[in-house]
Amino acid sequence: MRLPTKLYRPITTFGLSTNLQLPHDTTKRRVAEQSCLTLLQSCNTTQKLTQIQTLILKLGLRNNPLVLTKFASTSSELDAIHYASSFLFSSEADTRVYDTFLFNTVIRAYAQTSNSKENAIYFYRAMLDYGVLPNKFTFPFVLKSCAGLAHLNLGQSVHGSAVKFGFDDDLHVQNTMIHMYCCCNEGVESARKVFDETPKLDSVTWSVMIGGYARLGCPAIAIALYREMQVMGVRPDEITMVSVLSACTDSGALELGKWIESYVRREKIQQPVELCNALIDMFAKCGEIDKAIKLFRQMSVRTIVSWTSVIVGLAMHGRGEEAVSLFEEMIKTGVAPDDVAFIGLLSACSHSGLVETGRHYFNSMVEKFGIEPKIEHYGCMVDLLSRAGLVKEALDFVQQMPIEPNQIIWRSIIAACHARGELKLGESITKQLIENEPMHESNYVLLSNIYAKLLHWEKKTKIRETMDMKGMKKIPGSTMIELNNEMYEFVAGDKSHHQYKEIYEMVDEMGREMKRAGYVPTTSQVLLDIDEEDKEDSLYRHSEKLAIAFALINTPPGTPIRFVKNLRVCEDCHSATKFISKIYNREIVVRDRNRFHHLKNGSCSCGDFW
DNA sequence: CTAGGGTTAG
């Protein structure tokens, strides 16, 4: 990690002597000191700080600990903090008055900034260099900075330091420690270790760990941990609820989400906007978009996040027109859209084929709202054109973009090539991608799908071999489904479930019924080049078919079935699910990687393009 | 002077 050396170096260029006489009169001094402090409190720009600095020097108050501390904690603007800290630690300052409190103040100031957290670490090290002892308040600030930097080694060293100074048994330090580890890649295990060694009497400890698992993409563990928390009798607060809700959102655990909504009301847990937003997001992403809209309408205070959550939800459900009119309503209400709101809006246009509307809003970003489009916005536009079948326009658009296109953008175009039969073009783009990033497995999957469609089985097999040779694996498809307040996860060919025999019998029965109704398996997407019957067999073992069979066995007739798939739903499963919705008279709500499919009576809300 | 909160294209 690179630390800013310039701050630590003595700065002697202030040009003012510190040898001015102090006012002898104590009252006068008090007044001067007081006015200095008052001034400092109101000052937040570099310019103002310079003026006050002059005043401090003239009054000879430079080494007054109170002034120093105030000086460090006053600034909210980054430049001002830098300036203040260089002033404090310049060679003219009297280091004898440096104390823990002063360092804590500087460290806190940096820990709270969004992009200057290295400096917090830097001053923590300076503190130790000066021989100033940290206290139990120091570590939460420092650990928070480590968390923001997501720097595991650094975090471990601070952890060691906290142990050395004997503050690792402080609850606040432990909680921040867990949080820090949760924010670092590869840090979960360390987080869990600290968590397991903690008495965990506190809802914060649980919230941190639950939120950590939710953020790391392990919603099932997060939910299990919440249940454990309930068993231990720790009362969750509104922040715990936000963390658990985000786990519900990710895994599609609608029942638990609903339960939390009623629990919050029953237990009279505070309902800040953030919690309402989390509820809206949960309902929208668990397929209950109308419920999300209803909640949104009932809110008395809304933030841009509330609006955006609903817009994104509508986008995922393919209800583009409503998303657009909600966006317009938002502007009329006086809420200025931000870049995220535009991503939601543009993706809504994309999923509903609103090409002209999308173009109009994309242009309005700069023209009307002064928001510079980012790669995500360009990505939405490429997707918009690609999905509408305008592959050539999409390519032109990429060529004219002022930003370097990324893999996501190319994959949008490849998907369109795949869907529109532009297989040669798709093949050449994909080959290019593989050349640039030979270790990215999804590119090989794309190419392999194109070869399957072209019926080039030998080429397809070759790709498979290349992947094996490079030690790459296709991400396994998995399906999460909630039943009787439990989450179940299925992967293709899964036999770990205790009901697996019944499930496979049900899968066979489903296959027979579907064939009778006219279903033809789409075997072209099977990765392996095996004979047709085996291909069918491996299709029937796709995780979503197992999940559907599981739900059919365990729920009364007519109950809607909802599940979440981690990848894009494959062509065959999509068509099979449509048949099942009709044959078994079930409403099936599927959330795949990109969007929702509401299947009912043999047809799907996505209009068969996703 | 101390801790925890996901709205983000495919």
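**Reading the loops and the DNA contacts**

Q: Where is Glu-186 placed between helices H10 and H11?
A: In this predicted model, Glu-186 sits in the loop that links helix H10 (171–183) to helix H11 (188–197).

Q: Why is Glu-186 called exposed?
A: Glu-186 has a relative accessibility of 70%. Exposed requires over 50%, so Glu-186 counts as exposed.

Q: What is the sign of phi at Glu-186?
A: Phi of Glu-186 is near 65 degrees, a positive value, and the residue is not glycine.

Q: What is the phi of Lys-268, and where does this residue lie?
A: Lys-268 is not a glycine and has a positive phi of about 50 degrees. Lys-268 lies in the loop between helix H15 (254–266) and helix H16 (273–285).

Q: Why is Thr-555 called buried?
A: The relative accessibility of Thr-555 is 16%. Buried means under 20%, so Thr-555 counts as buried. Its place is the loop between helix H30 (543–554) and strand S3 (561–565).

Q: What makes the pairing of Thr-555 with Arg-586 a polar contact?
A: The two side chains are 2.7 Å apart at the polar contact. The cut-off for a pair of N or O atoms is within 3.5 Å, so the pairing of Thr-555 and Arg-586 qualifies. A polar atom of the Thr-555 side chain also lies 2.6 Å from the backbone oxygen of Ala-551.

Q: Which residues does Thr-555 touch, not counting those up to four places away in sequence?
A: Thr-555 touches Leu-483 and Arg-586.

Q: How do you know that Ser-207 makes a polar contact with DNA strand B?
A: An N or O atom in the Ser-207 side chain is 2.6 Å from a base nitrogen of the strand. The limit is within 3.5 Å, so this pair is a polar contact. Ser-207 is also listed among the residues that come nearest to DNA strand B.

Q: What part of DNA strand B do Arg-215 and His-351 face?
A: For Arg-215, a backbone N or O atom lies 3.4 Å from a base oxygen. For His-351, an N or O atom of the side chain is 3.2 Å from a phosphate oxygen.

Q: How do the residues of the surface near DNA strand B divide?
A: They divide into 16 nonpolar, 18 polar and 13 charged residues. Of the strand's atoms within 4 Å of the protein, 40% belong to sugar or phosphate and the rest to bases.

Q: Which residues are listed as "repeat: PPR"?
A: An unreviewed UniProt entry lists 99–134, 202–236, 272–302 and 303–337. Residues 202–236 are 74% helix and 0% strand, with end C-alpha atoms 9 Å apart.

Note on methods. Residues are numbered from 1 along each chain as its sequence is written. Chains are lettered from A and ligands numbered from 1 in the order in which they are written. This is a predicted model: local features need pLDDT of at least 70, side-chain atom pairs count only at pLDDT 80 or more; totals for chains, interfaces and linings use all residues. Side-chain values use heavy atoms; hydrogens and water are left out. Helices (H or I, at least four residues) and strands (E, at least two) are DSSP runs, numbered from the N terminus. Buried means under 20% relative accessible area, exposed over 50%, partly exposed in between (1.4 Å probe, protein chains only). A polar contact is a pair of N or O atoms within 3.5 Å; within protein, one must be able to donate a hydrogen and the other to accept it, and residues adjacent in sequence count only if both atoms are side-chain atoms. Contact means heavy atoms within 4.5 Å. UniProt positions are given in the numbering used here, feature names are shortened, and annotations may be inferred rather than shown by experiment. A residue is near a molecule or strand if one of its heavy atoms lies within 4 Å of it. Ala, Val, Leu, Ile, Met, Phe, Trp, Tyr, Cys and Pro count as nonpolar, Asp, Glu, Lys and Arg as charged, and the others, Gly among them, as polar.
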